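Dear colleague,

Please find below the structure I promised to hand over, with my notes on what was found in it following directly after.

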Amino acid sequence: MDKVKPTATVSQDRRFSPVWIIPIVSLIVAAWMIYQYMSQQGAEIHLTVQTAEGVVPDKTLVKVRSVKVGMVTAIKLSQDYNQIDLTVRMDSGTDRMLRKDSEFWLVKPRIGTEGVTGLETLLSGPYIELEPGDSKEKRADFVMLSAPPIAGPDVKGTRVMLVAREAGKLTIGDPVMYEGYVVGRVEKTGFDVEKHQANYQLFIFQPYSGLLRTRSRFWLNSGIDFNLNARGFSIDFASLETLIAGGVTFAVPEGSPEGELLKEEMSEFELYDNLQEVRANMYEQLISYAMLFTDSVRGLSPGAPVEYRGIRIGTVKQVPLVLNGKASVAEMKIPVLVNFELERIDQLASSRENIEQLEQSFANAFNNGLRASLKTANYLTGSLYIDINFYPDKVHTSGSDATRTYYGYNVFPTIEGEFVLLQHQVEHILSKLEKLPIDKTADYLNQSLVSLDVAGQQLKKTLKDVDSLLVQKETQQLPQAIHGTLADLQSILQGFRPGSTNYAEIAQVLLRINQALGQLSPLLQTLNEQPDALIFGAKEAADPIPVKGSNP
């Protein structure tokens, strides 16, 4: 019997091999990890910066209020090598921070007007700070700020723009002060090439922005204010903080209207160098006059006061105005442009006048002798100011100026100043001196001097003779001889002093002489009554008859 050969039936095994479990799980885990990684990654942004000092890829973080929100992943130079492009991978959920007005800056150690900041980065390295924006427009490319912003998008306040002729007067971060208190900061600086002026953007924080007025004025904080002008010398010291930090101050100058509350953003104001310049330019309603002076204007500078009897009513604007061959040089007059400030005059007057009324008042005053003259304000510096006063005696001598104009400006009549008057007085004195007989006087003085010279020679000769006499031995012994004589005389006088023998004898002799004279007295009386008594003898005198007494 044939044996049936067994045959194998090949069938495909459809069972899942456990060998594939591990690779499949690995793939699933890897995919999940990739998904998790991709889902946790935020947007990729690019930052443009001028220098990447201290920035390291995969190390430098991007933070918001010290919380990590991203990391720098790459650094590369731009195509023109002028700037650096930083690639930053933001964390998941940070898309809402990346708006059009978002700002980035590098935090590192800095020394500024507010002190030392960023010291914590000395060990950890610098990081990039993000200030989220409020705009609805998204953005992925940003330009990093060179310094932290003064005010972020969430800080409220008012921005104003200052303009000045020169740049470099303020720097970013300088304080903005009001009455010595910091109320804002300088936010930006720049220079307008077309207008040739420097621009300084300030940010005034709330609620201090309410101090801004339409008539506010801004001036630099110099710390030390040294002023030498027509009013003399003055020096003011500010606080130590102002001395170090500088900055700018704003206020409404005293005497100026306050104006309205400033509501518009980026209003433009002029930046003045100091408060004196502010006061000199704070008035807006001006009346300009040209003054033609025959005096020297050396010492008269723009900003010098114009006073009426000691009260300031205007300011010198330009010295000289314009030299015109007809009006000034030929007549030897120097033109000066002067602004009369209407607000100053209104403070003095009981009633306010507009510009036309005030011009008419000036015209009437010219006919009554109102004139301008140069006077010395400071004899130390030689500075001058313009004084306005009435000189009725000058009406008929210089009244023609009242009807003239000079380069479109009405001419304010002038008279010679005190210096010219003094000069005339000196010239008058010199003319009188010139008329004196100086030659004859000089000859007489010469003769007198010759006589004095002769007398002096004679005196010199006499003194020489006296000196030779004093040198002689006899002359030198003369004082000793006089001294001996005086001693002998004193010794003699000692012998006649009271109590001495000579004194007693002289007194005795004088007593006897007195007694003898007493005995001769009757004889002398008889001879006086009867001169011939020695020849005929003296007549006997009659007996005296008693006189009868009277009853009481």
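To begin with a turn: strands β12 and β13 form a hairpin in which four residues lie between the two strands, and histidine 196, in that turn, has a positive phi of about 55 degrees. Please keep in mind throughout that this is a predicted model.

The two strands of the hairpin, β12 (residues 181-192) and β13, run antiparallel and are joined by eight bridges, with lysine 188 standing opposite glutamine 201 in β13. Strand β13 also pairs with β10 (residues 157-164), again in the antiparallel sense and over eight bridges, and here leucine 162 is the residue that stands opposite tyrosine 200 of β13. Is β13 mostly covered, or mostly open? Strand β13, which comprises residues 197-205, is mostly covered, since eight of its nine residues are buried.

A second region of interest is an open sheet of eight strands, which follow the order β23-β24-β20-β21-β22-β19-β26-β25 with mixed pairing. The edges are taken by β23 (370-378) and β25 (405-406), each of which has a single partner strand, so that one side of each is left without a neighbour in the sheet. Within this sheet, β19 (residues 286-293) and β22 (residues 334-341) run antiparallel and are joined by eight bridges, and phenylalanine 293 stands opposite isoleucine 334 in β22. Helix α7 (residues 355-367) packs on the sheet, where it touches β19, β22, β23, β24 (383-390) and β26 (409-412), and the direction of the helix makes about 30 degrees with that of β19.

Turning to the charged side chains, a search of the whole structure finds seven salt bridges, of which I describe three. In one of them, the side chains of glutamate 53 and lysine 108 meet at 3.9 Å, N to O. Glutamate 53 lies in the loop between β1 (41-49) and β2 (61-64), while lysine 108 lies in the loop between β5 (103-107) and β6 (110-112), so this pair ties together parts that are 55 residues apart in sequence. Glutamate 53 counts as exposed, at 53% relative accessibility, whereas lysine 108 is partly exposed, with a relative accessible area of 25%.

Another salt bridge brings together the side chains of lysine 68 and aspartate 91, at 3.2 Å, N to O. Because lysine 68 belongs to strand β3 (residues 67-77) and aspartate 91 to strand β4 (residues 84-91), the pair ties together parts that are 23 residues apart in sequence. Lysine 68 is partly exposed, with a relative accessible area of 37%, and aspartate 91 is partly exposed as well, with 23%.

The remaining one of those I describe joins the side chains of glutamate 137 and lysine 100, at 3.8 Å, N to O. Since glutamate 137 lies in the loop between β8 (127-131) and β9 (141-143) and lysine 100 in the loop between β4 and β5, the pair ties together parts that are 37 residues apart in sequence. Glutamate 137 is partly exposed, with a relative accessible area of 46%, and lysine 100 likewise counts as partly exposed, at 46% relative accessibility.

Lastly, there is helix α12 (residues 501-529), whose 29 residues should span 42 Å at 1.5 Å a residue, and the end C-alpha atoms are indeed 42 Å apart, which agrees. The helix nevertheless has a kink of about 35 degrees at leucine 520, shortly before proline 522.

With best regards

Technical notes
Residues numbered from 1 in each chain as written. Predicted model: local features only at pLDDT ≥ 70, side-chain atom pairs only at ≥ 80, totals over all residues. Heavy atoms only, no water. Salt bridge = Lys/Arg side-chain N within 4 Å of Asp/Glu carboxyl O. Buried < 20%, exposed > 50% of the residue type's maximum accessible area, 1.4 Å probe, protein only. Pairing = 2+ DSSP bridges. Expected span 1.5 Å × (residues − 1). Bend = angle between axes of the 7 residues up to and from the residue. Contact = heavy atoms within 4.5 Å. Axes fitted to C-alpha atoms, helices over the stretch in contact; angles between N-to-C directions.
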